[in-house]
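Here are my notes on the model, as numbered points. Please read them with the structure open.

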Amino acid sequence: MPRPILATVHTDALRHNLERTRRAAADARIWAVVKANAYGHGIERVYEGLRGADGFALLDLAEAERVRALGWRGPVLLLEGVFDARDLELCSRLDLWHAVHCDEQIDMLAAHKTLKPQRVFLKMNSGMNRLGFAPERFGSAWTRLNALTQVDEISLMTHFSDADGTRGIAHQLEAFERVTRDLPGERSIANSAATLRHADLTRGDWVRPGIVLYGSAPDYPEHDAAHWQLRPTMTLSTRIIGVQTLKAGDTIGYGSSFTADGPLTVGVAAVGYADGYPRHCTTGTPVLVNGVRTRMVGRVSMDMITVDLTNVPDAKFGAEVTLWGTSASSGAVLSIDEVAQAAGTVGYELMCAVAQRVPFAPASDDGE
């Protein structure tokens with residue numbers, strides 16, 4: 001038998017979260033963001049759940065090829081544009097739309113020999129200070145692009161730094177609207193947090209949801225996934241492979257970081273940091289055993305963790321352990337955001353960090 005760890009992808013939850021996003025987006029079209037191999041889920045595994053979107057947005061040409069190979073004939077957007085002039089030929093062949101965020105990318109387009117003009121999304125740096133043209137240079141970049149025969153339609157985009165927080169979006173939205181007011185073209189400005197929290201201000205023509213499609217709250221811990229009516233799309237589960245009975249004063253694991261203050265039964269679960277479970281999780285990190293909430297105790301090892309079985313006295317060898325997601329035995333949910341917080345990180349990282357050695361499977365109740 002293989003080691004009992006498993007990552008389960010819930011297609012029905014993907015569909016649900018896409019529909020939840022569509023309700024927030026109203027009449028705006030939706031880019032389903034599938035960068036980073038669909039946030040660690042696998043592009044091929046999420047395709048059926050997200051094919052109801054209006055387009056797919058990603059970073060890598062190889063990922064764009066995979067989306068096209070699945071049969072998608074609608075829009076595909078390269079969120080960071082091209083990295084080399086030779087990439088433009090593949091954009092032409094695959095009919096890819098792409099961001100333009102710097103002079104060098106305009107230079108590449110100007111030198112590109114093509115019979116088919118390309119659809120581009122001109123990006124403004126409205127305050128995020130990563131990619132994009134500063135507001136005072138945005139108009140001249142648009143004028144230069146508009147003069148190129150290699151360019152067809154020009155859409156306009158920006159990205160918010162604080163849509164999930166107290167600073168908000170007003171300063172960036174003002175900069176974007178002031179500069180683009182008299183420019184033609186479709187707009188795309190809303191990420192996950194903006195789509196849910198600032199929908200009336202940021203819908204535009206396209207929204208770009210990422211993390212919400214995968215069931216994680218973009219503004220956790222202010223709001224959790226349940227608040228936004230999101231469902232987890234990935235469950236990481238394993239089983240108990242051993243049980244130990246401790247007495248007061250006994251310690252657990254490397255570094256003896258946990259000491260029992262009385263009789264305690266612990267289960268050893270087959271998961272560790274080599275599987276992508278965060279090593280920074282400490283005693284108290286929540287887990288579900290047979291659908292019952294309990295806690296991890298001690299230090300995360302490469303291949304194992306130990307969990308407190310006080311609340312689950314009947315748990316034996318083979319008992320189900322849910323690290324995040326939905327318990328198959330009870331339907332109880334443990335939010336990936338809560339586990340990420342215990343590790344001092346965010347749900348995005350946990351999704352993307354599931355190791356290659358962990359097998360993936362579709363949920364048995366998804367009708368696939």
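**Notes on the predicted model**

1. Glu48 and Arg51. Start with accessibility. Glu48 is partly exposed, at 34% relative accessibility. Its salt-bridge partner is Arg51, and the closest N and O atoms are 3.0 Å apart. Arg51 is partly exposed as well, at 41%. The coordinates come from a predicted model.

2. Overall make-up. The protein has 368 residues, and 55% of them count as buried. The secondary structure comprises 12 helices and 19 strands. Along the principal axes, the C-alpha trace spans about 75 × 40 × 35 Å. Take contacts between residues at least 6 apart in sequence: 63% of these join residues at least 24 apart. The exposed surface is about 16,000 Å², with carbon and sulfur atoms supplying 50% of it.

3. Other salt bridges. How many salt bridges does the structure hold? The count is 20. One of them pairs Arg86 with Asp84, at 2.9 Å from N to O. The accessibility of the two partners can be set side by side. Arg86 is exposed, at 68%. Asp84 is partly exposed, at 27%.

4. A pair within a helix. Glu174 and Arg178 form a salt bridge, at 3.0 Å from N to O. Why are they separated by about one helical turn? Because they are 4 residues apart in helix H8 (residues 170–180). An α-helix has 3.6 residues a turn, so residues three or four places apart point the same way. Glu174 is partly exposed, with a relative accessible area of 42%. Arg178 is partly exposed too, also with 42%. Elsewhere, Arg3, Asp275, Asp303 and Arg357 are joined into one network by salt bridges that share partners.

5. Helix H7. This helix covers residues 135–146, which makes 12 residues. From the first C-alpha to the last, H7 reaches 17 Å, close to the 16 Å expected at 1.5 Å a residue. Which of its residues are buried? They are Pro135, Phe138, Ala141, Trp142 and Leu145. These buried residues cover an arc of only 105 degrees around the axis, so they lie on the same side of H7. The elements covering them include strand E5 (97–100), helix H6 (103–111) and strand E6 (118–123). Strand E7 (151–157) and H8 are also among the covering elements. H8 is thus worth a second look: it carries the Glu174 and Arg178 pair and helps cover the buried residues of H7.

6. Ser92. This residue lies in helix H5 (residues 87–94). Is Ser92 buried or exposed? It counts as buried, at 16% relative accessibility. Leaving aside residues up to four places away in sequence, Ser92 touches His112, Thr114, Lys116 and Gln118.

7. A nonpolar patch. Ile241, Met304 and Phe317 make a nonpolar surface patch of about 320 Å². Phe317 sits in the loop between strand E16 (305–308) and strand E17 (320–326). Its relative accessible area is 66%, so Phe317 counts as exposed.

8. Backbone points to check by eye. The peptide bond joining Tyr220 and Pro221 is cis, with omega about 10 degrees. Pro221 lies in the loop between strand E9 (206–207) and strand E10 (234–246). Gln229 is found in the loop between E9 and E10 too. Gln229 has a positive phi, near 60 degrees, and is not a glycine. Gln229 is partly exposed, with a relative accessible area of 39%.

9. Tyr39. Here is another positive phi in a residue that is not a glycine, at about 50 degrees. Tyr39 is found in helix H2 (residues 35–39). Where Gln229 is partly exposed, Tyr39 counts as buried, at 6% relative accessibility.

Note on methods. Residues numbered from 1 in each chain as written. Predicted model: local features only at pLDDT ≥ 70, side-chain atom pairs only at ≥ 80, totals over all residues. Heavy atoms only, no water. Patch = residues over 30% accessible without salt bridge, like charges linked within 9 Å, V, L, I, M, F, W, Y side chains within 5 Å. Areas by Shrake-Rupley, 256 points an atom, 1.4 Å probe, with all protein chains shown as cover. Salt bridge = Lys/Arg side-chain N within 4 Å of Asp/Glu carboxyl O. Helix = DSSP H or I, 4+ residues; strand = E, 2+ residues; numbered from the N terminus. Buried < 20%, exposed > 50% of the residue type's maximum accessible area, 1.4 Å probe, protein only. Expected span 1.5 Å × (residues − 1). Arc of directions from axis to C-beta. Contact = heavy atoms within 4.5 Å.
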